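User: I'm new to this structure and would like to understand the words people use for it. Could you show me how each label follows from a value?

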Amino acid sequence: AQTVIALRLMGFAGLRRALPSESWRMISEKQAALAHASIAALASAAAGEPALQTTRAMMEPFQERTSGNLKRLRG
């Protein structure tokens, strides 16, 4: 996550190429990730899974988006 933040900040500062839509994307993707994380956590908890497994299920959507952002921003 720190690398994604650094790459975005460099883009905003003009130190590397960044699409004008990057700032909007940065905000909107968090809303979608939060929705997916909430659903995953609720499904895990409703299935009676342990707290650690529920937490992992909740974090997965954020990790997927962070990994995707890193690949896209490095690309």
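User: How is the crossing of α1 and α3 described, left-handed or right-handed?

Analyst: In this predicted model, α1 passes α3 in a left-handed crossing. A crossing gets that name if the near helix is turned anticlockwise from the far one by less than a right angle.

User: What makes α1 oblique to α3?

Analyst: Start with the angle: the axes of α1 (residues 2-12) and α3 (residues 51-74) cross at roughly 40° and come within 9 Å. Angles under 35 degrees count as roughly parallel, and 65 to 115 as roughly perpendicular. Roughly 40° falls in neither range, so α1 is oblique to α3.

User: Which residues meet where α1 and α3 touch?

Analyst: From α1 there are Thr3, Val4, Leu7 and Arg8, and they meet Thr66, Asn69, Leu70, Arg72, Leu73 and Arg74 in α3. Sorted by class, the residues of this contact are 4 nonpolar, 3 polar and 3 charged.

User: Why are α2 and α3 called roughly antiparallel?

Analyst: Their axes cross at roughly 155° and come within 7 Å, with α2 covering residues 22-46. The cut-off for roughly antiparallel is over 145 degrees, and roughly 155° passes it, so α2 and α3 are roughly antiparallel to each other. As for handedness, the crossing of α2 and α3 is right-handed.

User: What does the contact of α2 with α3 consist of, by class?

Analyst: It has 12 nonpolar, 5 polar and 5 charged residues. On the α2 side they include Glu29, Ala33, Ala37, Ala41 and Ser44; on the α3 side, Thr54, Phe62, Asn69 and Leu73 are among them.

User: How do you know that the length of α2 is close to what is expected?

Analyst: Compare two values. From its first C-alpha to its last, α2 reaches 36 Å with its 25 residues. At 1.5 Å a residue, 36 Å is also the expected span. The two values agree, so the length of α2 is called close to the expectation.

User: Which residues of α2 are buried, and what covers them?

Analyst: The buried ones are Glu22, Glu29, Ala33, Ala37, Ala41 and Ser44. Their cover includes α1 and α3. Just after α2 comes Gly48, which takes a positive phi of about 80°.

User: Why is Asn69 called buried?

Analyst: Asn69, which sits in α3, has a relative accessible area of 6%. Buried means under 20%, so with 6% Asn69 earns the label. Leaving aside its neighbours within four places in sequence, Asn69 is in contact with Val4, Arg8, Arg25 and Glu29.

User: What makes Thr54 count as buried?

Analyst: Again, set the value against the cut-off. Thr54 has 13% relative accessibility, and the limit is under 20%, so Thr54 counts as buried. This α3 residue touches Ala41, Ser44, Ala45 and Glu49, not counting residues up to four places away in sequence.

User: Is Ala51 buried or exposed, and how do you know?

Analyst: Ala51 has a relative accessible area of 61%. Exposed means over 50%, so Ala51 is exposed. Ala51 belongs to α3, and its C-alpha is separated by 20 Å from that of Glu64, 13 residues apart along the chain.

User: What puts Gly68 in the partly exposed class?

Analyst: Gly68 has 36% relative accessibility. Since buried needs under 20% and exposed needs over 50%, a value in between is called partly exposed; that is how Gly68 is classed. Gly68 is found in α3, and although Val4 is 64 residues apart from Gly68 in sequence, their C-alpha atoms are 9.8 Å apart in space.

User: Why does Gly11 get the label buried?

Analyst: Its relative accessible area is 13%, and the label applies under 20%, so Gly11 is buried. Gly11 lies in α1 and touches Arg16 and Ala18, not counting residues up to four places away in sequence. Gly11 and Ser23 are 12 residues apart in sequence, with 9.8 Å between their C-alpha atoms.

Methods. Residues numbered from 1 in each chain as written. Predicted model: local features only at pLDDT ≥ 70, side-chain atom pairs only at ≥ 80, totals over all residues. Heavy atoms only, no water. Axes fitted to C-alpha atoms, helices over the stretch in contact; angles between N-to-C directions. Helix = DSSP H or I, 4+ residues; strand = E, 2+ residues; numbered from the N terminus. Contact = heavy atoms within 4.5 Å. Nonpolar A, V, L, I, M, F, W, Y, C, P; charged D, E, K, R; others polar. Buried < 20%, exposed > 50% of the residue type's maximum accessible area, 1.4 Å probe, protein only.
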